[in-house]
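Student: I have a protein model open and would like to learn how to read its side chains step by step. Could we go through it together, with the reasoning spelled out?

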Amino acid sequence: MAALAPTIGEFVERVTAPLRARVLELEKGGGIRYEGVWQAARSYSRGAWVTFDGGVFHCNADSTREKPGTGPAWTLAIKSGVR
């Protein structure tokens, strides 16, 4: 069993490396970055959170001026409570 430990350790290190890198990237942001109500005149970057049309959206793009809900730059995180 002791002979397998280094091999298992190397395997675990290799398969978890991408996950550890992603966690480090997410932790760089310093938490949620709420930037208020979406404004057409502003440019938003990955990780920004805005409110628009009663919902809360997360920015997925490196940089965008796209309106939330109209393309892949934004993901709806919280839907409006309007019925």
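Tutor: Let us begin with a definition: a residue is called buried when its relative accessible area is under 20%, exposed when that area is over 50%, and partly exposed in between. Please keep in mind that this is a predicted model.

Student: Is Leu-4 buried, partly exposed or exposed?

Tutor: Leu-4 lies in the segment before helix H1, which covers 5-28. Anything between the limits of 20% and 50% is classed as partly exposed. The relative accessibility of Leu-4 is 48%, and therefore the class for Leu-4 is partly exposed.

Student: Which residues make the nonpolar surface patch that includes Leu-4?

Tutor: The patch is nonpolar and has an area of about 620 Å². A residue needs over 30% relative accessible area to join a patch, and Leu-4 has 48%. The residues that make the patch are Met-1, Leu-4, Ile-8, Phe-11, Val-12 and Val-15.

Student: Turning to charges, which residue forms a salt bridge with Glu-13?

Tutor: Side chains of opposite charge can pair when their charged atoms come close. The structure holds 4 salt bridges, and Glu-13 takes part in one with an N to O distance of 2.5 Å. Glu-13 is partly exposed because its relative accessibility is 45%, and its partner, partly exposed at 35%, is Arg-20.

Student: How many residues apart are Asp-62 and Arg-46?

Tutor: The side chains of Asp-62 and Arg-46 meet in a salt bridge at 2.8 Å, N to O. This pair links distant parts of the chain, with Asp-62 in the loop between strand E3 (55-59) and strand E4 (74-78), and Arg-46 in the loop between strand E1 (33-37) and strand E2 (48-52). Asp-62 is exposed because its relative accessible area is 61%, whereas Arg-46 is partly exposed at 47%. The separation of Asp-62 and Arg-46 along the chain is 16 residues.

Student: Which residues are linked with Glu-35 in a network of salt bridges?

Tutor: Glu-35 is found in strand E1, and its side chain meets that of Arg-33 in a salt bridge of 2.8 Å, N to O. The side chains of Glu-35 and Arg-42 are also joined by a polar contact of 2.5 Å. Leaving aside neighbours within four places in sequence, the contacts of Glu-35 include Tyr-44 and Trp-49. The residues linked with Glu-35 in the network are Arg-33 and Arg-42.

Student: What kind of aromatic pair do Trp-38 and Phe-52 form?

Tutor: A pair of aromatic rings is described by the distance of the centres and the angle of the planes. The count of aromatic pairs comes to 3. For Trp-38 and Phe-52, the centres are 5.4 Å apart and the planes stand at 80°, so the pair is edge-to-face.

Student: Which residue joins Trp-38 and Phe-52 in a cluster of ring pairs?

Tutor: Trp-38 lies in the loop between E1 and E2 while Phe-52 is in strand E2, so their pair ties together parts that are 14 residues apart in sequence. Phe-52 has a further edge-to-face partner, with centres 6.4 Å apart and planes at 65°. Trp-38 is buried at a relative accessible area of 12%, and the further partner of Phe-52 is buried at 8%. The residue that is linked with Trp-38 and Phe-52 into the cluster is Phe-57.

Definitions and conventions. Residues numbered from 1 in each chain as written. Predicted model: local features only at pLDDT ≥ 70, side-chain atom pairs only at ≥ 80, totals over all residues. Heavy atoms only, no water. Patch = residues over 30% accessible without salt bridge, like charges linked within 9 Å, V, L, I, M, F, W, Y side chains within 5 Å. Areas by Shrake-Rupley, 256 points an atom, 1.4 Å probe, with all protein chains shown as cover. Helix = DSSP H or I, 4+ residues; strand = E, 2+ residues; numbered from the N terminus. Buried < 20%, exposed > 50% of the residue type's maximum accessible area, 1.4 Å probe, protein only. Polar contact = N/O pair within 3.5 Å; in protein donor to acceptor, adjacent residues only side chain to side chain. Contact = heavy atoms within 4.5 Å. Phe/Tyr/Trp six-rings, centres within 6.5 Å; stacked < 30°, edge-to-face > 60°.
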